[in-house]
Amino acid sequence: MKPALAFRSPVVILLALSSASAMATEGAVHDRFKWLTFVVFGAIIAVTLYVTYVAAKRVKSATQFYAAGRSVSGIQNGWAIAGDYLSAASFLGIAGLISLYGYDGFMYSVGWLVAYVIVLLVVAEPCRNIGKYTLGDILAFRNGPKTAKILAAISTIVVSIFYLTAQMVAGGVLIETLIGIDYEVSVIAVGVLMLAYVLFGGMVATTWVQIIKAMLLMTASVVLVVFTWAPYGFSLPGFMQAVVDNPKVQAQVLKLLGDPATNMTAQELGQRFLEPGLLFKNPIDQISLGMALVLGTAGMPHILMRFFTVPTAKDARVSVIWAMAIIGGFYVLTLFLGNGAAINVAAAEITRIDQGGNMAGPLLAQFLGGGPDSLLGNFFLAFVAAVAFATIVAVVAALVLASASAMSHDIWVGVVKGEHATQEEEVRAARICSIIVGVIAITIGIAAKGQNVAHLVALAFAVAASSNLPAVLLTLYWKKCNTGGIVLGMLVGAIAAIALVLVSPTMTYPLSVKATNEKAIKAADDKLAELNADLAAAEPTAQEKIKAAITAQENAKKTAQDAVAKLGNERTSMVGLEKPLFELKNPGLISIPLGFLCVFLGSLLYRDRRAQEMWDELYVRQNTGIAAEAAIAH
Amino acid sequence: MSKPPINWTAINADPRFQDLHRKKSVFLWGLMTLSVLYYLLLPIGAGYFPALYGKKIWGPINFGYLFALSQFVAAWGIAWVYARRANREFDGMTAELVRHASLIRAVK
């Protein structure tokens, strides 16, 4: 059964996966070829576990555990940042979006790269210069240390758990959809593997897992793009013309536009696929989402943490430049992956396996290798699936490390122990916290089965942009910023972002879901009456086709009826609303300025001598790196 | 190990640091504003000027696609401009300050 999906809501996409797919029990990979999938998965897991084993021998001190001894080179860190960032949402979700909605999907991918311009210009180097291990360390530099650390830790854990839940659910559904392993087993597998990396290898292993995964991801994408583009002689207009001319693409546009498109020619329909407006209807929403994306990245705790792993600020700069080259390159490739899937696999087939379009990349791989019955096709599919799996495990590992560090370094050592803990104690605490977070992640992952967790990724970015970023930026750059400011700003920013999402159209509103489905049932009934009349009048030769159409309509009706039945007597959303109070799907446009405003206000209303006294030191250090934590030799 | 303590206030007031600070601030925030505005033009344009975005320019490729692709070039371009100036100018100025950090004392 397919619950009504929120796959239109943008950040989301991957998460539409969470609507258990009808294909789940069999999986997209045919039984005959499952061994191949396991071989590829096994190989990738073996390599990453070996890396963890080697790393584990090095991880003795807190600096090793949290920051890989600050000895990761700029280039390595660049790959690791790309690994952190190119989550399954990018790899599967964006290719899927482009394959279903054309231009809007591609436009959506742009924001993810622009986000790094901000990280490069105002965040990466200062953070390396004054930071130690966590977001809390940056904020505690001049603000009240205990208050700052508690706030930063809470924010880190909240943002990470939102993001993590989305990834866990996606991981479980991905494996279920691809190879038919039970959802619960898949979630536990993701959790245990990720925990193995973090627990034994700390940041050293997490970094290398990210590097390996980013390289696999880029290799897979480049190979697929070469195969997709080669038939058109690597001509961009040639390839795009093929998209325009493709009847499957034209059919998809007709389906998306509905009635208004009936007078359009086939060429016009195809061309429309290259124009905006098939997915995003509300420009303000688009801008709001863009702001959260672009500003949220610089406030993501697991991204900030990456800058503590390099020896100097200059390496931090080099690493962002490499990350931008890799990430940007990847998003340009999605143009070919998405459009390639649209012409070779067709939107109808992609959505048949998964409503959200997440299977576009894997199905394209299968097609390029020779189709569902070929060995090479299934090898390609297995490879892409394994890369997607590695992607999820690696991103989850980074998030768990970030929240475990916040718990152990900020809360336990910083607040409870008053900064007095030996290296051994701190590493032990970090490991215990990793297990706690890991168990929470697995539990939530299983509990969220079949839930629409779509809004969680958007929410993670919105909270990071509205709460963490204003606090970090103003602490680093504004002389008058102080503890009062970051307390007010972080609380109001985060609460506003969460509250606005809770009352936004992103949530599920039973009444509107019911109305939509009832409309669908009525449409199906009308169509059925029409088809049955046709059937009676049709020649025997034409009957087969009409019967098939009848079955399709009956299935559509059944899906809609099931959706209505599932709602039962529910009338209101999670927070008791019958319809959204706030019209934007993403709160960024309101909550980000509010976060900044509250840091300003709080700072002006509050007196904090330490914040003023520390300003000179902070400002000199963030600009010059004098007295920055050095790399440790090993 | 026993370096003399660093006088942060004196460094902050040092003309070399002030020079670095001024140049960096103008440059960084200027680039940042430019890149955010350029980026926001994309969704704004897509929402309010669909006809312009649909205008075919290179075969079937329209203005919208070229503009979206130009965002990548712009982001990379800004990164390149920043890295170049940081490597050539800021790093040298910073190194100079770091070398003399423990010698910079407030002039009373």
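Trainee: Why is Glu419(A) called exposed?

Mentor: Count the neighbours. This is a predicted model, and in it Glu419(A) has 10 C-beta neighbours inside 10 Å. The cut-off for exposed is 12 or fewer, so Glu419(A) counts as exposed.

Trainee: Where does Glu419(A) sit, and what stands out about its phi?

Mentor: Glu419(A) lies in the loop between α17 and α18 (423–447) of chain A. Its phi is near 70 degrees, a positive value in a residue other than glycine.

Trainee: How do you know whether Ala68(A) is buried or exposed?

Mentor: By the neighbour count again: Ala68(A) has 30 other C-beta atoms within 10 Å. Buried takes 20 or more, so Ala68(A) is buried. This residue is in the loop between α2 (62–67) and α3 (74–85) of chain A, and its phi, near 50 degrees, is positive although Ala68(A) is not a glycine.

Trainee: And what makes Lys527(A) partly exposed?

Mentor: Lys527(A) has 16 other C-beta atoms within 10 Å. Buried needs 20 or more and exposed needs 12 or fewer, so with 16 Lys527(A) is partly exposed. You'll find Lys527(A) in helix α21 (residues 510–537) of chain A. The C-alpha atoms of Lys527(A) and Gly290(A) are separated by 40 Å, and the two residues are 237 apart along the chain.

Trainee: On to helix pairs. Why are α7(A) and α20(A) called roughly parallel?

Mentor: The axes of helix α7 (residues 145–179) and helix α20 (residues 483–502) of chain A cross at roughly 20 degrees and come within 10 Å. Angles under 35 degrees count as roughly parallel, so α7(A) is roughly parallel to α20(A). The crossing of the two is left-handed.

Trainee: Which residues make that contact, and of what classes?

Mentor: From α7(A) come Thr147(A), Ala148(A), Leu151(A), Ser155(A) and Val158(A), and from α20(A) Thr483(A), Ile486(A), Val487(A), Met490(A) and Ala494(A). They divide into 7 nonpolar, 3 polar and no charged.

Trainee: What makes α5(A) and α14(A) roughly antiparallel, then?

Mentor: Helix α5 (residues 103–130) and helix α14 (residues 313–344) of chain A pack at about 175 degrees, axes 9 Å apart. Over 145 degrees counts as roughly antiparallel, so that label goes to α5(A) and α14(A). Their contact has 15 nonpolar, 6 polar and 3 charged residues. Among those in α5(A) are Trp112(A), Glu125(A) and Arg128(A), while the α14(A) side includes Arg317(A) and Tyr331(A).

Trainee: How do you know that the span of α23(A) is close to what is expected?

Mentor: Helix α23 (residues 588–605) of chain A has 18 residues and reaches 25 Å from its first C-alpha to its last, against 26 Å expected at 1.5 Å a residue. Its buried residues, including Ile592(A), Phe596(A) and Val599(A), pack against α12 (283–296), α19 (455–477) and α20 of chain A.

Trainee: What about the span of α1(A), and what covers its buried residues?

Mentor: Helix α1 (residues 34–58) of chain A has 25 residues and reaches 37 Å, close to the expected 36 Å. Among its buried residues are Phe41(A), Ile44(A) and Val51(A), and the cover includes α7, α8 (183–229) and α17 (375–416) of chain A.

Trainee: Last one: how many residues does each chain give to the contact between A and B?

Mentor: Chain B gives 47 residues and chain A gives 42. On chain B's side, the largest share, 17 residues, comes from α2(B). By class, that side has 34 nonpolar, 11 polar and 2 charged residues.

Terms used:
Residues are numbered from 1 along each chain as its sequence is written. Chains are lettered from A and ligands numbered from 1 in the order in which they are written. This is a predicted model: local features need pLDDT of at least 70, side-chain atom pairs count only at pLDDT 80 or more; totals for chains, interfaces and linings use all residues. Axes are lines fitted to C-alpha atoms, for helices over the stretch in contact, and angles run from 0 to 180 degrees between N-to-C directions. Helices (H or I, at least four residues) and strands (E, at least two) are DSSP runs, numbered from the N terminus. Angles under 35 degrees count as roughly parallel, over 145 as roughly antiparallel, 65 to 115 as roughly perpendicular and the rest as oblique. A crossing is left-handed if the near helix is turned anticlockwise from the far one by less than a right angle, and right-handed if clockwise. Two residues are in contact if their C-beta atoms, placed from the backbone, lie within 7 Å. Ala, Val, Leu, Ile, Met, Phe, Trp, Tyr, Cys and Pro count as nonpolar, Asp, Glu, Lys and Arg as charged, and the others, Gly among them, as polar. The expected span of a helix is 1.5 Å times one less than its number of residues.
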